[in-house]
Amino acid sequence: MASLPLIRISPSEFQFTESGSGYTSRLRLTSLQGQAVGFKFKTNAPHKFLVKPVVSSLTKQGMTIDVIVKSTSPITDADRFLIQTVALAANEAEDLDSAKK
């Protein structure tokens with residue numbers, strides 16, 4: 001049984017830009033569901049990348065959040081990224097967001 005996507009990620013591919021302090025990419029995550037959605041951003045090189053926020057929730061359909069990925073080193077083909085998502089109950093979203101603070 002195929003499951004419906006929980007979020008939309010745009011752009012669909014990372015687009016890192018070089019700045020004076022390194023390399024930066026901005027992703028926009030948008031909830032496609034009527035219920036809360038939690039996400040966690042993972043990479044195979046956590047020491048190399050600064051990700052904000054790493055864990056958060058989108059509490060209603062259409063809600064968006066920007067994820068910023070920064071690195072002081074050039075991006076290579078060996079770098080991998082994964083965004084895990086899960087549908088949440090309202091109280092789970094509140095617990096997740098309060099745990100971040």
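**Contacts of Q33 and the nonpolar core**

In this predicted model, Q33 touches L4, P5, L6, K60 and Q61, with residues up to four places away in sequence left out of the count. Q33 sits in the loop that joins β3 and β4. Its relative accessibility is 18%, and because buried residues are those under 20%, Q33 counts as buried. One polar contact of Q33 involves its side chain, which reaches the backbone oxygen of P5 at 2.8 Å.

The largest nonpolar core consists of 15 residues. Within this core, I7, L29, F41, V67 and I83 have the most contacts. At least two core residues come from each of the strands β3 (22-31), β4 (36-43), β5 (49-52) and β7 (64-71).

I7 belongs to strand β1, which spans residues 7-10. With a relative accessible area of 12%, I7 is buried. When neighbours within four places in sequence are set aside, I7 is in contact with L29, T30, S31, L32, V37, L58, I83 and T85. The C-alpha atoms of I7 and R28 are 9.8 Å apart in space, while the two residues are 21 residues apart in sequence.

I83, also listed among the core residues with the most contacts, touches I7, I9, L27, L29, F39, K40 and F41, again without residues up to four places away in sequence. The contacts of I83 thus include I7, L29 and F41, and these three residues are also named among those with the most contacts inside the core.

Terms used: Residues are numbered from 1 along each chain as its sequence is written. This is a predicted model: local features need pLDDT of at least 70, side-chain atom pairs count only at pLDDT 80 or more; totals for chains, interfaces and linings use all residues. Side-chain values use heavy atoms; hydrogens and water are left out. A nonpolar core is a set of buried Ala, Val, Leu, Ile, Met, Phe, Trp, Tyr and Cys residues joined through side-chain atoms within 4.5 Å. Buried means under 20% relative accessible area, exposed over 50%, partly exposed in between (1.4 Å probe, protein chains only). Helices (H or I, at least four residues) and strands (E, at least two) are DSSP runs, numbered from the N terminus. Contact means heavy atoms within 4.5 Å. A polar contact is a pair of N or O atoms within 3.5 Å; within protein, one must be able to donate a hydrogen and the other to accept it, and residues adjacent in sequence count only if both atoms are side-chain atoms.
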